[in-house]
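Trainee: I am new to this structure. Please take one part of it and go through that part closely.

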Amino acid sequence: MRIEARLFATLRTGRGKVVEAELAEGATVQDLADALAIPPAEIAILLVGGRDARLDRPLSDGDVVSIFPPVGGG
Amino acid sequence: MFGYNGKILRVDLTKRTVKVEALDEAKAKKYIGGRGFGTKMMMDEVDPGVDALSPANKLMIVTGPLTGTATPTGGRYMAVTKSPLTGTIASSNSGGYFGAELKFAGWDAVIFEGKASGPVYINIIDDKVEILDAGKLWGKVLSETTDALEAVHGDKARILAIGPAGERLSLLAAIMNDRWRAAGRSGVGAVMGSKNLKAVVVKGSGKVAVADEAALKEAFALCMKKIKENGVTGTGLPTYGTAVLVNIINENGVFPTNNFQEAVFAKAEDISGETLAEKYLKKKDPCFRCPIACGRYCEVDDIKGGGPEYETIWAFGADCGVSSLKDIIKANHWCNEYGIDTISAGATLAAAMELYQKGLVKKEEFGDGPELKFGNAASIVEWTKRMGMGTGFGAKLAKGSYRLCDSYGVPELSMTVKKQELPAYDPRGIMGHGVQYATSNRGGCHVRGYMISPEILGLPEKLDRLELAGKPQWAKIFQDFTAAIDSVGLCLFTSFAMGADDYAALYNAVCGTKITGAEFITSGERIWNLEKQYNLAAGIGPDQDTLPPRLLKEPVPAGPSKGHVHPLDKLLPEYYSLRGWDAKGVPTKAKLAELGVD
């Protein structure tokens, strides 16, 4: 299945802003993070379809996953 | 006296006299300082029913006990007065270096009373105070004013001033210091302008007395460690500034767009903190003793200076449908020069754009100015200038979004609470933040209780932003905690990393007191209740604890918050009950007695 990973702030370094990932059926957010070589400690905000998610969340084809490192406030 | 200098400067502008007064230490400590102590002095000295722009109102520049000390971010001051925009108590916070310098000069606060017969400025060199003619400064923008005053008083002087917007009594006028730091909100700059007070120059050679240097060193080290190790204060804010929020808030579907008609901005990336850092950021621009250094310094074309902050980028950007970061930086620059609050300025332009979109404002009203149309980047720059000068349609804009929309018979199109423009978060998708927007004692504001921290950023723990349960309690605690931090003289951003016990430890070391973290928060609750009392006496009742009708009735049309409205009526009763207020939202006698609000 095809997943759109949107990366922000320092997570873009060496990975890009938007990464289209092809994952096996039943894959979770953790599998996506592994595929992108993002260690869990660098993930502060994790959204699937704009809603909070955890690493064990199973993904569906077409899901948009937004990943932020610890960032800021305003 | 430790922490506090023990001295207040009272300037009677009508009589052109200055007076030194002893600080009432017990009263100051009860309300901490800054926002709390300033509100207490307002309550004691200024009838809440006063016309905010009349000589009977007072303008108080109040520091906190930790301002000017060796504490992280210890350089803040508060401008406390009655707001001409909201009619509530106003307390606008600013960083930079002015607040610390005022402490070094030996003062805890300066109170301005009356009205000068012509433009004046105040020169403070330690205990020497002069009232000087400012006729030649009147009409000048911030950079010209600051340059002129530095030419006379030297570049070591710290300068606070208003721009042309404050002189012209724009209800969106800010008090600026250190060129582009702003006590931005609630029209405090108009109060200063109404007194014919252009600027305050200060140089200080003293030091704030500290009760226990060893304890301060220890508490400082612990707080610095927490700030450095925290992802937000140690990495995120230093690298990207506040603008890093653009993408976070947009991805959550709570990024108000086109005057809150939508909550996702398709071109958010173009105006993001990442893009700002890549294209325009020249350097960081930290405030006094700040280890976070979120301040930005940008250059574009012939313009350079501080900012833009997240809220500013949102207001002139998404809220106006504008995706040109270059033009947002320019609009921010002109706000700094004319001395205008960027949040209210951008949000007022957004409201004007909706009025035009709906055919209520006619093209002819723009004269030779650009069309105020969603997405028209040139219009935000030009109309910010005209707002600052009060020319043509700019005079209407200078009164803010509520009065603008009201003048066309549609106040409901103004995205304001208590007539103050809401900042950059759509509460329809952030339930606790909506509670704190509605109940804020100074009207639409994000920094009276920054619920974005738990509801979006996950600090100190992650809450589901759409969940209702527990939110009134969180909002209350954040409001109380913030009131205490605002009063002690530190920056609210420290609270991403520091807890109540940390603030108490710093306060105790500096002031020689023995308060607990819980007592620190209770002081904040006392301040919150005092502010509420001031507002009630000013005629701002609980009927104004609400949100714009759009946010209560019109569901978010698309994106991750699609379909949601803010269910304020389901949350307010619990909030009032937790506050110990009656069902109508008025503090009970018992609650006021318990807190010792007098």
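Mentor: Helix α12 of chain B, residues 325-338, lies across strands β14 and β15 of chain B. Its direction makes an angle of about 65 degrees with β15(B). The model is a predicted one. The two strands just named belong to an open sheet of three strands in chain B, ordered β13-β14-β15 and paired in the antiparallel sense. At the edges of this sheet are β13, residues 281-284, and β15, residues 303-306, and each of these chain B strands pairs on one side only. On average, neighbouring strands of the sheet are turned by 15 degrees against each other, with direction ignored.

Now take the pairing of β14(B) with β15(B). Strand β14 of chain B covers residues 296-300, and four bridges join β14(B) to β15(B) in an antiparallel arrangement. Within this pair, Tyr297(B) has Gly306(B) of β15(B) standing opposite.

A further helix belongs in the picture. Helix α8 of chain B, made of residues 231-240, lies across β13 and β14 of chain B. The angle between α8(B) and β14(B) is about 20 degrees. Strand β14 of chain B is thus crossed by α8(B) and also by α12(B). For α12(B), the other strand crossed is β15 of chain B, while for α8(B) it is β13 of chain B.

Conventions
Residues numbered from 1 in each chain as written. Chains lettered and ligands numbered in written order. Predicted model: local features only at pLDDT ≥ 70, side-chain atom pairs only at ≥ 80, totals over all residues. Heavy atoms only, no water. Pairing = 2+ DSSP bridges. Axes fitted to C-alpha atoms, helices over the stretch in contact; angles between N-to-C directions. Contact = heavy atoms within 4.5 Å.
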